[in-house]
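This report describes selected features of a structure, taking sheets, helices and backbone geometry in turn. The sequence and coordinates are shown first.

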Amino acid sequence: MRIVVLGLGNILLSDEGVGVRVVEALAAGWQAPDEVEFVDGGTCAMEMLEQLEDLDALIVVDCVRGNRAPATPVVLKGAEVPVFFRTKLSPHQVGLSDVLASLEFTGRAPKETVIIGIEPAALALGMELSPAVAARLPELLALTVAELRARGLTMVERA
Amino acid sequence: MSKRITIDPITRIEGHLRVDVEVDGGRVKKAWASGQMFRGVETILIGRDPRDAWAITQRICGVCTTVHAMASVRAVENALQLEIPVNAQYIRNMIMLAHAVHDHIVHFYHLSALDWVDVVSALKADPGKAASLAQSLSTWKGNSKAEFTQVQDRLKGFVGTGQLGIFTNGYWGHPAMKLAPEVNLLAVVHYLQALEVQRHASKIVAILGSKSPHIQNVAVGGVANALSLDSQSVLTMERLMAVRKWIDSLDDFVKNVYLIDVAAIGAFYVDWTKHGRGITDYLCVPDIPLDGKGAEFALPGGHIEGGKLESFRPIKTFGDKYFVDGVAEAVRHSWYDYKGGDDKALHPYSGETTPKYTDFQDDGKYSWLKAPTFYGKPMQVGPLARVLGMLAAGHEPTKQYATTALDLVSSLAGAKVGLDAMHSTIGRHAARAIGCAVQCDELAKQWDLLIANMAKGDLKTFNHPAFPKGEQRGMGFHEAPRGVLSHWVVIDSGKIRNYQCVVPTTWNAAPRNENNSPGAYEACLVDNPVADPEKPLEVLRTVHSFDPCLACAVHVVDQENRPVVTVSAV
């Protein structure tokens, strides 16, 4: 099994970088089995193609805009995922959707894609998350860990 | 009556570039290029440790991460007058070259070929004929009839399900699409093969850069890679041999597929050598340093005026005075305010980034991009500038690949196509492929140099930086895939006091400058044909030939579904 947890976002624009912050926190604070790779994708696109090939599951963590209250977490699965890409909820889906479409065409698309997101509270220039989104960071971590555990993977928090 | 066309956004990849053109009688009369996002990333750096700047600047852009990291460490090293070990140069050089090769392959096949290639038409092709055509042009192993048939079948499946996927943005059946079905199929086959091959370039960057897609190994003073001929967990001979294998695979594809395809498509669109000339003042910088301080380079660079190679004036070293003194940025037509007034351009060391937003004013301010100038004039930067610069400097491999490409174009087009044809929309694609072949050669040479130096027992990769009290200024340039990138840093007692990035797309997509001279996109669009204002494919062709990367101008905001094209009569 191969699973990638992909954090997306621009860390120079506060909450925009929340996906990267989640992946950083996971890599630093959690012991994951070899099947799992944490990827800090930033705002990259085609550069990630190889890392995202032939996955059993792709878990994308990103800031997602969906007219919810600021700092509301959201998990999108199954039929909601194509909708996520069609309706442009994340600033990065242009790049990522190109990557996924390429993988589709070459027959190497992830078997399953899950989006874990949060509504941004601030997108101003700056390297810190807004207090509202920072407060929900543990929740995003828990949601991500739960997705991995649901696939039979042992996730252990580092002491 | 003339028509005003607004195209926003103009790229398939991230970033917000808006282009407005006024069309009359099927031709562009006037053009405006506008960056639609405030770019104030530099302000984040003020007060920080100069050793951290590279990691932050590589987050400016999702496409050009590596290039900002390199320009940043070079700027700080220049400020400190710090030489770095040659091994560090070789490793950085390989990362830069592999990144460039990746970028060029992806740009041509995955981001811009669809401006010229009609994917749907490829369904009508005779795969046998298409394969024979491909075999007549190249000995590439992937040109078999079986391969062509298989790809066409896969494409049929895709189109049949109504899911064009990655091809959704194309202008299928547009009157400006001229390729025969067989040539379209050839391009689609190579599109897929390019997807395979580009992975090898990513792998080189990942192995040498210790992490992907954001490299981790760069440091002010060198690189953090530990070198060893045998031990584990460092850059070993085994890993370097793998890198060599990927270099050879890229080389094969670039010379036997990419360069040939660009020449072939160029020959079928030979009328596009007459469009998109625009600015013929070119600027590029030398790169791929061969010594520790950057006084000797593998690839030359310099300044060309009016398209005349004999006017070439070389830029010779890191910190070259001719380059440092020549660069300034104007904001007369940009949404910024200079304390001393907007009619004077400022040098990057004393650059200011104070926003002053107005509406889009045709004759006033209309862009978040500043207008960079070189000795007061706008420049064209990028692959064409680079190739012309190398030709002017007498760089032999560049001459060889340029001759190969132009001879093939001439023979397929049945007419002599010379160097002058390069100053054009299609010429920029040709230049990118020619430059890419040169980069492949150089990638292999840098590998040889590293191995030879390690064999001599030199495993040094890092010199410690020391930050003296008081002020130091430094400039780091890099001939990045999209052209000259420069970072300018002012350090005060170990902290950053000012930081400016003058990025390639800012040169090319610049608004009018302090003298109202248009930027490269704006100038190149004038006289461009537009057959159907509702589908301005020809405008996209010219803008895309520069490989715009407004991502360097930051992304986000505005998730509304805006129309891609709006047309209004004026």
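In chain B, three strands form an open antiparallel sheet in the order 13-14-15. Strand 13 (471-480) and strand 15 (495-502) of chain B are its edge strands, each pairing on one side only. From one strand to the next, the twist averages 15°. The model is a predicted one, in which local features need pLDDT of at least 70 and side-chain atom pairs count only at pLDDT 80 or more, while totals for chains, interfaces and linings use all residues. Residues are numbered from 1 along each chain as its sequence is written, and chains are lettered from A and ligands numbered from 1 in the order in which they are written.

Helices (H or I, at least four residues) and strands (E, at least two) are DSSP runs, numbered from the N terminus. Two strands are taken to pair if DSSP finds at least two bridges between them. Angles run from 0 to 180 degrees between N-to-C directions, and axes are lines fitted to C-alpha atoms, for helices over the stretch in contact.

**Sheets**

Within the sheet 13-14-15 of chain B, strand 14 (residues 483-492) pairs with strand 15 in the antiparallel sense over seven bridges. Val489(B) has Tyr499(B), in strand 15 of chain B, as its bridge partner. Helix 3 (residues 65-80) of chain B lies across strand 13, strand 14 and strand 15 of chain B and runs at about 145° to strand 13 of chain B.

A further open sheet of three strands in chain B has the order 6-9-10 and antiparallel pairing. Strand 6 (282-283) and strand 10 (313-314) of chain B each have a single partner strand, so one side of each is left without a neighbour in the sheet. Strand 9 (residues 302-304) of chain B is joined to strand 10 of chain B by two bridges in the antiparallel sense, and His303(B) has Arg313(B) of strand 10 as its bridge partner.

In chain A, strand 1 (residues 3-8) is mostly covered, with six of its six residues buried; a residue is buried if 20 or more other C-beta atoms lie within 10 Å of its own, exposed if 12 or fewer, and partly exposed in between, with C-beta atoms placed from the backbone. The buried residues occupy both faces of strand 1 of chain A: Ile3(A), Val5(A) and Gly7(A) on one side, and Val4(A), Leu6(A) and Leu8(A) on the other. The pairings of strand 1 of chain A are listed below.

| Partner strand (chain A) | Sense | Bridges | Opposite residues |
|---|---|---|---|
| Strand 3 (residues 36-42) | parallel | six bridges | Ile3(A) and Val36(A) |
| Strand 4 (residues 57-63) | parallel | five bridges | Val4(A) and Leu58(A) |

**Helices**

Helix 7 and helix 8 (residues 237-268) of chain B pack at an angle of about 150°, with their axes 9 Å apart. Helix 7 of chain B is therefore roughly antiparallel to helix 8 of chain B, a term used for angles over 145 degrees. By class, their contact has 15 nonpolar, four polar and three charged residues. Here Ala, Val, Leu, Ile, Met, Phe, Trp, Tyr, Cys and Pro count as nonpolar, Asp, Glu, Lys and Arg as charged, and the others, Gly among them, as polar. Two residues are in contact if their C-beta atoms, placed from the backbone, lie within 7 Å. Among the residues of helix 7 of chain B that meet helix 8 of chain B are Val183(B), His190(B) and Leu208(B), and those on the helix 8 side include Trp246(B), Phe253(B) and Asp261(B).

Helix 15 (residues 537-544) of chain B is mostly covered, since eight of its eight residues are buried. These buried residues pack against strand 1 (3-7), strand 2 (17-24), strand 3 (27-35), helix 4 (86-112), helix 12 (425-455) and helix 14 of chain B.

**Backbone geometry**

Most residues other than glycine have a negative phi, and most peptide bonds are trans. The peptide bond from Ser212(B) to Pro213(B) is cis, with omega near 0°. Pro213(B) belongs to the loop between helix 7 (181-209) and strand 4 (218-219) of chain B.

Tyr375(B) has a positive phi, near 50°. This residue sits in the loop between strand 12 (371-374) and helix 10 (383-392) of chain B. Tyr375(B) is partly exposed, as 14 other C-beta atoms lie within 10 Å. For Asn516(B), phi is near 65°, again a positive value in a residue other than glycine. Asn516(B) is in the loop between helix 13 (504-508) and helix 14 (520-525) of chain B, and is exposed, with 12 other C-beta atoms within 10 Å.

How values were computed. Parallel < 35°, antiparallel > 145°, perpendicular 65-115°, else oblique.
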